[in-house]
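Take a look at the fold below and turn it around a few times. We'll start with one residue and work outwards from there.

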Amino acid sequence: MEKIVAAGVPTQHVVLNASKINLMREDPRLAEIVNACPLVNADGASIVWAARQLNVPLKERVAGIDLFLRLVEVAAEKGYGIYLLGAKEESVLGVRDELKRRYPGLGIAGYRNGYFDEPDVPGIVADIAASGADMLFLGFSSPKKEYSAHEHLEALGVPFVMGVGGSFDVVAGVTSRAPKWMQDRGLEWLYRFVQEPGRLWRRYVVGNVSFVRYVCKCKNKSKKEVVQ
């Protein structure tokens, strides 16, 4: 990622989890965008499990929020400017202040909440492009963040663009993250589900079952092809 910033060529990064795989199966356009990204990492333990089932080499997952914070740390060390876009006003202000506290010397090229209308988009894109930011972090949900980054990538002119979903809320202290022992066991999804069962039951209960069935289907298809 440091090489990407040094090269200065606008590049979109994507994190992958079970929910996004499910969205990609229903949305060919999203699948096209994700598959075209030169840099994709396994955000969820579900992807590591699926890789093992399908004999795809994948050492471990790298949670999006951990990668986000590590990149901000690198930005502070190397003098990169970052831009924060997304979430509610309290969250984007909170994450701005918390990142400045954690990483003294961090250059925040700009920030804005994620509540705006379509006519506002050209102005926001122009503002980000003029900010000189080296990294842009988008605090939107999927597929909005993938669509936004892809559509405006060249106009933004930012070397590294990453969607971080709800990470702004966690860093700002608006929501809490699962304990370390749950993270290590791939149970962060369960922690989030317990926090908001009404909103997340379809994503995690229905979605996880659908994902497992899909992986099993792919595994059986692969076995048949090998036999043939």
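Which residues does Asn 41 touch, not counting residues up to four places away in sequence? They are His 13, Val 14, Val 15, Leu 16, Val 62 and Leu 67. Keep in mind as you look that this is a predicted model. Asn 41 is found in strand S2, which spans residues 39-42. With a relative accessible area of 13%, Asn 41 falls under the 20% cut-off, so it counts as buried.

Now zoom out. The protein chain comes to 12 helices and six strands. Its radius of gyration is 18 Å, close to the 17 Å that the globule rule gives for 228 residues, so the chain is as compact as a globular protein of that length. Along the principal axes, the C-alpha atoms fill a box of roughly 55 × 35 × 35 Å. Buried residues make up 43% of the 228. If you take the contacts with a separation of 6 or more, 73% of them come from residues 24 or more positions apart. As for the outside, the accessible surface is about 12400 Å², and carbon and sulfur atoms hold 54% of that.

Next stop, strand S3, where you'll find Leu 84. Its relative accessible area is 0%, so Leu 84 is buried. Leaving aside neighbours within four places in sequence, its contacts include Val 92, Val 95, Arg 96 and Leu 99, and also Gly 110, Tyr 111 and Arg 112. Three phenylalanines are on the contact list of Leu 84 too: Phe 68, Phe 137 and Phe 168. Those names come back in another role, as Phe 68, Phe 137 and Phe 168 form one aromatic cluster. One more pairing to try with the distance tool is Leu 84 with Ala 133: they are 49 residues apart in sequence, and 9.7 Å separates them in space, C-alpha to C-alpha.

Strand S3 also helps to cover helix H7, residues 121-131. In H7, the residues Val 121, Ile 124, Val 125 and Ile 128 are buried. They cover an arc of only 100° around the axis, which puts them on the same side of H7. What lies over these buried residues includes strand S3 (81-86), strand S4 (107-112), strand S5 (135-139) and helix H8 (144-156). Go round to the face turned away from the buried side and you meet the exposed residues Pro 122 and Ala 130. After H7 comes Gly 132, which has a positive phi, near 75°.

Back to the rings. How many aromatic pairs does a search of the whole structure find? It finds five. In one of them, the ring centres of Trp 49 and Phe 211 are 6.4 Å apart and the planes are at 55°, so this pair is tilted. Trp 49 lies in helix H4 (residues 45-53) and Phe 211 in helix H12 (residues 197-227), so the pair ties together parts that are 162 residues apart in sequence. The two partners differ in how much surface they show: Trp 49 counts as partly exposed at 31% relative accessibility, whereas Phe 211 counts as buried at 4%.

Finally, look for a lysine with an aromatic partner. The charged end of Lys 144 sits over the ring of Phe 116, at 5.4 Å from the ring centre.

Key
Residues numbered from 1 in each chain as written. Predicted model: local features only at pLDDT ≥ 70, side-chain atom pairs only at ≥ 80, totals over all residues. Heavy atoms only, no water. Phe/Tyr/Trp six-rings, centres within 6.5 Å; stacked < 30°, edge-to-face > 60°. Helix = DSSP H or I, 4+ residues; strand = E, 2+ residues; numbered from the N terminus. Buried < 20%, exposed > 50% of the residue type's maximum accessible area, 1.4 Å probe, protein only. Lys NZ or Arg CZ within 6 Å of the ring centre and 35° of its normal. Arc of directions from axis to C-beta. Contact = heavy atoms within 4.5 Å. Rg over C-alpha atoms; globule rule 2.2 N^0.38 Å. Areas by Shrake-Rupley, 256 points an atom, 1.4 Å probe, with all protein chains shown as cover.
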